[in-house]
Amino acid sequence: MKRILGVYDVDPVYASRFAEYANQKEQIPFMAMAFSSLEKLKVFTGQEPLEILLAGEGVGENGLADVKAGQIMWLCENRGALEAGGPSIYKYQSCDAVLREVMACYQAQPEQEPWMMGIKCTVIGVYSPINRCGKTSFSLILGQILARETRTLFISLEEHSGLSRLTGAAYTGSLSDLLYYYHLGEYSRMRLGAVLYNWGGLDYIPPAAYAEDLAEVKGEQLAGLVARIAADGAYDTLLLDFGHLGRGMEPLLELCNIIYTPTKEDCVSAAKLEEWKGYLEHSGRLHLWNRVRLLKLPLPGMARQAGSYLEQLLWGELGDYVRSMLEHI
């Protein structure tokens, strides 16, 4: 059973709309409830305590004296405003941003974080030894289309993905943070929720903040983090956009049920594919080649503005190609 996130604000419309939005996010391990009055809040918590209470700063700490909540967070109307009774979150930002801050501030006890083992999740990898083949554009459009049918999470393993420029988002957390907490043994669904962003319905983790973060991590550790996310049960599909396969990243490929490999029709590209296949054979991983699906992608059109590029791809020739491909699987 999900724990309860209560929302009480002097503006009942805000509380109601926020709770409604939060309950649409299946990856958030709470059931959100809006309270229209302090009396109703006290009566409810007298029977069942809240895990978290999001309270508007206009409510006042004294008014919550009899409210039973594991943790109180304040919805502040001015950035930088602090409340003595708990962490503060800027109220007038997107609901996704508020939820990320809630997950980041949430102080969960270890026993409250069960790792739901045994839940199956399809892992799709997109990798190619060939440069400038449309791999990342294909990955993003594939994720966008998959997200309309299944709960999909996109993870970029590129050193310099350009994702922030393409989506127009400024990130406060990234894959670097998850790797850090996983290394300390402190990964949790809350840690994941604190770095989740959404583009057109597709959830994604912002790429590593620095290229060195990926260069220094071992493949086994990164594969362990991805396997943990896959086992949590929050998503039906994980989509990995691979960068270089340095530092022994083959364990990540082992996790993939299918590996899409964009190609180009020239002798150099063919030579690179043969060399990669030979490497898999010599390293005892030729079985991975059976999961590889070679793709010849349509060339993406030109876009003057980065912010509109992904939208053009989604409804252009590449988007049609991906939709047709998925229909024939």
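# Cavities, pockets and a seven-stranded sheet

Leu 140, Phe 154, Leu 163, Thr 167, Trp 199, Leu 202 and Tyr 204 line the second largest cavity. Helix H5 (163-167) and strand S9 each give two or more residues to that lining. This is a predicted model, and its protein chain holds 13 helices and 12 strands. Of the 329 residues in the chain, 50% count as buried. Here's a quick tour, starting with the enclosed spaces and ending with the strands.

**Cavities**

- The count comes to 2 cavities of 30 Å³ or more.
- The second largest cavity, the one we opened with, has a volume of about 40 Å³. Its lining breaks down into 6 nonpolar residues, 1 polar residue and no charged ones.
- Two of its lining residues, Phe 154 and Tyr 204, turn up again in the sheet, where Phe 154 stands opposite Tyr 204 in S9.
- The largest cavity comes in at about 100 Å³. Its lining includes Lys 25, Asp 96, Arg 100, Tyr 197 and Asp 203.
- H3 and S8 are the elements that give two or more residues to the lining of the largest cavity, and H3 has the largest share with 3 residues.
- By class, that lining splits into 4 nonpolar, 3 polar and 4 charged residues.

**Pockets**

- The largest pocket has a volume of about 770 Å³. It's lined by 31 residues, and Asn 131, Arg 132, Cys 133, Gly 134 and Lys 135 lie nearest its centre.
- Helix H4 (135-146) and helix H12 (306-314) are the elements that give this lining two or more residues. H4 gives the most, with 4 residues.
- The mix in the largest pocket is 15 nonpolar, 10 polar and 6 charged residues.
- The second largest pocket holds about 330 Å³ of space. Of its 18 lining residues, Arg 100, Thr 172, Gly 173, Ala 194 and Tyr 197 are the closest to the centre.
- Helix H3 (95-105), helix H6 (175-183) and helix H7 (189-193) each supply at least two residues here, with H3 giving the most at 5 residues.
- The second largest pocket has 11 nonpolar, 3 polar and 4 charged residues in its lining.
- Arg 100 and Tyr 197 do double duty: both are among the residues closest to the centre of the second largest pocket, and both also line the largest cavity.

**The seven-stranded sheet**

- Seven strands form an open sheet with mixed pairing, in the order S8-S9-S7-S10-S6-S11-S12.
- Strand S8 (197-199) and strand S12 (292-295) are the edge strands, each with a single partner, so one side of each has no neighbour in the sheet.
- Neighbouring strands are turned by 25° against each other on average, direction ignored.
- S7 (residues 152-156) and S9 (residues 202-205) run parallel and are joined by 3 bridges.
- H4, the helix that gives the most to the lining of the largest pocket, lies across S6, S7, S8, S9, S10, S11 and S12, running at about 170° to S10.

**Strand S1 and long-range contacts**

- Strand S1 (residues 3-8) has 5 of its 6 residues buried, so it's largely enclosed by the rest of the structure.
- S1 runs parallel to strand S2 (residues 30-35), with 6 bridges joining the pair. Within it, Leu 5 stands opposite Ala 32 in S2.
- Among contacts between residues at least 6 apart in sequence, 69% join residues at least 24 apart.

Note on methods. Residues are numbered from 1 along each chain as its sequence is written. This is a predicted model: local features need pLDDT of at least 70, side-chain atom pairs count only at pLDDT 80 or more; totals for chains, interfaces and linings use all residues. Side-chain values use heavy atoms; hydrogens and water are left out. On a 1 Å grid over the protein atoms alone, a cavity is a set of points where a 1.4 Å probe fits but cannot get out, and a pocket is an open set with protein on both sides within 12 Å along at least five of seven lines; lining residues have an atom within 4 Å of a point. Grid points are joined across faces, edges and corners, and a volume is the space filled by probe spheres set on the points. Ala, Val, Leu, Ile, Met, Phe, Trp, Tyr, Cys and Pro count as nonpolar, Asp, Glu, Lys and Arg as charged, and the others, Gly among them, as polar. Two strands pair if DSSP finds at least two bridges between them. Axes are lines fitted to C-alpha atoms, for helices over the stretch in contact, and angles run from 0 to 180 degrees between N-to-C directions. Contact means heavy atoms within 4.5 Å. Buried means under 20% relative accessible area, exposed over 50%, partly exposed in between (1.4 Å probe, protein chains only).
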